Structure formats: structure tokens, C-alpha cells
Amino acid sequence: MEQKIPVFKETAGTLSAQIRERNFAPGTAQPSENELCRRYSISCFPVRKALSLLEADDLIVRQPGIRSIVREYSGGHPRCIRRSPASAAPRPSAANCVSRSGIRQR
């Protein structure tokens, strides 16, 4: 039986990929929670939880009453946890990297 990915993790993964691909430039505001709800046809709870995961991964900054702002980063995989042994390549690749919140890095 195939396990289904929770909606909030799927949404967080999509937004994370868009941030890393620079679809949302650093320092700019992401769409509002309501806009994201309409875009992905989901309720506000999974959107809020997805944004919390992105905040935990230092990809966005959230402030009440203000849209989420994309953080400045140097690319790569911020706050990445290696899954492979320490003897592997010095920089983690997308294949063996999972963020602290459990979102697979692309």
C-alpha cells in the first residue's frame, strides 16, 4: 500500500522548490495565505502548516499581518541534514538531503 504525502508537506515541497528555483526572489513577499488556498484548492490549515515548515527551514520570514517574505540565501540546501554517511561527498546532493522539517530537497 502506497503512503500518501500529507497535503501540507506536498504544498511545502512545492513552495520550497519554487523558492529554490528563484520563482520567488529573495526579499519579496510570497502570495497571501488566502491566495495560496485558492491556488492549490486547499483549506487554510495546510497552507499555514506548510508556511510553518518553510519558516522552520529558514526559507521565509513570517510576521503577523504581513505576507511571508522570502529569505536571502546562497542557494544549495539551507539547514540540510545529511542522510548518507560522513564519508560521502562534502556537499549534500538533493538525493540524500532532507530539511529539518522533513521536506525532501529538490
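## Strand pairing

Two strands count as paired if DSSP finds at least two bridges between them. In this predicted model, strand S1 (residues 60–63) and strand S2 (residues 66–70) clear that bar, pairing in the antiparallel sense over 3 bridges. Look at Ile60 and you'll find Val70 of S2 standing opposite.

The two strands, S1 and S2, make a hairpin with 2 residues between them. Gly65 sits in the turn and has a positive phi of about 85°.

## The nonpolar core

Ile60 and Val70 turn up again in the largest nonpolar core, which has 11 residues in all. The other members are Leu15, Ile19, Phe24, Leu36, Cys37, Val47, Leu51, Leu54 and Leu59. Helix H1 (7–20), helix H2 (33–40) and H3 each chip in at least two residues, and H3 brings the largest share, with 3. As a general matter, nonpolar side chains in soluble globular proteins tend to be buried together.

What does Val70 touch, leaving aside residues up to four places away in sequence? The list runs to Ile19, Phe24, Ala25, Pro26, Gly27, Thr28, Gln30, Leu59 and Ile60. Of these, Ile19, Phe24, Leu59 and Ile60 belong to the core too.

## How far to trust it

The chain has a mean pLDDT of 78, and 67% of its residues reach 70 or more. Confidence is highest in helix H3 (residues 44–56), at 96, and lowest in strand S3 (residues 80–82), at a mean of 39.

Over residues 78–96 the pLDDT is below 50. Beyond near neighbours in sequence, that stretch still has 35 contacts in the model.

Key: Residues numbered from 1 in each chain as written. Predicted model: local features only at pLDDT ≥ 70, side-chain atom pairs only at ≥ 80, totals over all residues. Heavy atoms only, no water. pLDDT = per-residue confidence, 0-100. Helix = DSSP H or I, 4+ residues; strand = E, 2+ residues; numbered from the N terminus. Contact = heavy atoms within 4.5 Å. Core = buried A, V, L, I, M, F, W, Y, C linked by side-chain atoms within 4.5 Å. Buried < 20%, exposed > 50% of the residue type's maximum accessible area, 1.4 Å probe, protein only.
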